[in-house]
Structure formats: structure tokens, C-alpha cells
Amino acid sequence: MKPPFSPKTINYSQVIHLSHPIASNIPQWPGDPLIEFQAIATLSTDGYYLRRFAMGEHSATHLNAPNSFYPEGVGIETYSAESLIVKAVAIDICQMAAENPDYTLTCADVLAWEAEQGEISAGTVVLLYTGWQHKWSDPDAFINQQHFPGFAPETTQFLLDRRQIGGVGIDTHGVDGGQDLTFATNRQVLEQPRIVLENLTNLNQLPPKGTTLAIAPLQLVQGSGSPATVLAFLP
């Protein structure tokens with residue numbers, strides 16, 4: 001995967017975690033495997049502490065891979081290191097999402113954002129701040145019977161075709177609106193090995209533009225995705 005820009009120099013004023021801590025009681029997509037921790041060695045018995053953990057590839061803050069939707073798609077381990085350093089913008093739809101949990105980002109929303117901030121440049125990852133990150137401590141409210149906001153498919157296509165974006169991310173459990181079980185935005189973006197980030201947090205701390213992301217998934221061979229540490233470097 002070709003990097004969208006040169007990451008050799010990153011000027012920043014602050015670094016912010018965009019990943020939730022992983023625990024057994026975090027919100028989970030219905031049907032996903034439980035997150036489990038098991039002590040294997042203890043200080044008192046073995047002289048060191050070690051746990052085993054098990055979780056789904058799409059649990060917690062995570063990066064999706066093309067093979068999660070395309071049989072011939074690549075796995076998560078094929079993403080080059082440089083491709084995981086990306087420019088990002090943040091679009092705030094908290095007010096609309098508060099009024100309508102099924103709200104999806106429109107092309108008009110993007111154009112209104114660009115009227116204030118300037119056109120989104122090629123290779124940029126578009127992050128959608130919906131306010132859902134604040135529901136994380138209440139799994140039922142976070143999943144909300146799969147009523148949560150996301151990207152409208154036609155908006156995603158506009159961003160891919162007209163802005164040549166490098167990917168998308170969101171603070172909900174899916175870049176697709178919760179009611180879109182075709183996973184249209186995931187499919188559109190992952191037709192090529194681009195960036196899809198889900199279950200992000202701290203998006204309220206990002207400026208509208210100027211952020212650089214460093215994304216660190218586990219190198220799972222043929223992984224359909226991976227829990228990821230995502231760091232935001234603020235301008």
C-alpha cells in the first residue's frame with residue numbers, strides 16, 4: 001500500500017491516544033467473541049506475571065482489513081509501516097447524532113465543512129466525531145440496538161471519487177450507520193487496502209484539520225482486522 005504522504009517529518013504540539021483501554025466489559029458487536037483474560041503466571045508462584053488474552057479481531061479500537069469483506073483481499077499484516085502514518089481531518093456531527101441516532105454524514109455536511117476549513121486533500125483519513133465515544137462506559141447505550149450514526153454510502157463514494165481520501169474512522173462501533181447491515185462504507189473503502197478505524201475515542205480533542213495519525217495494529221497473519229493503538233499528533 002503506497003503511503004499518501006511522506007511521514008519523515010511530523011511537527012506536533014501534543015500527542016493524544018485515540019484508542020480505548022481494553023477490558024472484558026467493553027461494548028461488543030452482537031455475536032462477537034468475549035474478551036477474556038487468564039493469569040498464566042503469577043509473581044508469588046512463578047516470579048513473574050503473565051496473562052493470556054483472547055478477543056475478536058474487530059473488538060475494541062480496531063483497524064479493518066480488506067479480507068474482512070473481500071475473499072481475495074489482503075490481511076492486516078500486509079499494511080506497510082508508512083501506510084499507517086496518515087493525515088486526518090475531523091468532522092463533528094454530534095448535534096445531528098444527538099437528535100437522530102441513525103444520522104449519516106451527507107455530502108452537504110462535507111461541503112459545509114470544506115467551506116470553512118478548505119477542501120479535503122488526497123490521502124487524508126476522514127474522522128467522524130459523533131459523540132458516541134462518551135457512551136463507551138455503557139455498552140447497551142453504545143450499541144443502542146444497532147442504532148448509531150455513520151457515513152452515508154453516497155458520501156463515502158464522493159469522498160473516494162472526488163477527494164481521493166485514504167480512509168475513514170469513527171467513534172462508534174462501525175463506520176457504517178448501525179442500520180446498514182450491508183456494510184457499504186466498509187466495502188467501498190476496503191475495495192483497496194485503505195484505512196478503516198472503528199471505536200475511536202478522544203475525537204473531541206482534535207482540531208478540524210492538521211492532525212497526523214500513527215496507527216499500530218497487531219501483525220496478525222491473514223488477519224481480518226486487529227485491535228490497534230492509534231496516536232494523534234496535533235499541529
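Me: Q164 lies in the loop between α5 (153–163) and β9 (167–170), and what makes Q164 count as partly exposed?

Reply: The relative accessibility of Q164 is 43%, and since buried means under 20% relative accessible area and exposed over 50%, with partly exposed in between (1.4 Å probe, protein chains only), Q164 counts as partly exposed. The helices (H or I, at least four residues) and strands (E, at least two) are DSSP runs, numbered from the N terminus. This is a predicted model, in which local features need pLDDT of at least 70 and side-chain atom pairs count only at pLDDT 80 or more, while totals for chains, interfaces and linings use all residues. Residues are numbered from 1 along each chain as its sequence is written, and side-chain values use heavy atoms, leaving out hydrogens and water.

Me: Why is the pair of W29 and F183 called tilted?

Reply: Rings of Phe, Tyr and Trp (its six-membered ring) pair if their centres lie within 6.5 Å, and planes under 30 degrees apart count as stacked, over 60 as edge-to-face and the rest as tilted. For W29 and F183 the centres are 6.2 Å apart and the planes are at 55 degrees, so the pair is tilted. W29 lies in the loop between β1 and β2, and F183 in the loop between β9 and α6 (184–189), so this pair ties together parts that are 154 residues apart in sequence.

Me: How do you know whether W29 is buried or exposed?

Reply: W29 has a relative accessibility of 18% and therefore counts as buried, whereas F183, with a relative accessible area of 24%, is partly exposed.
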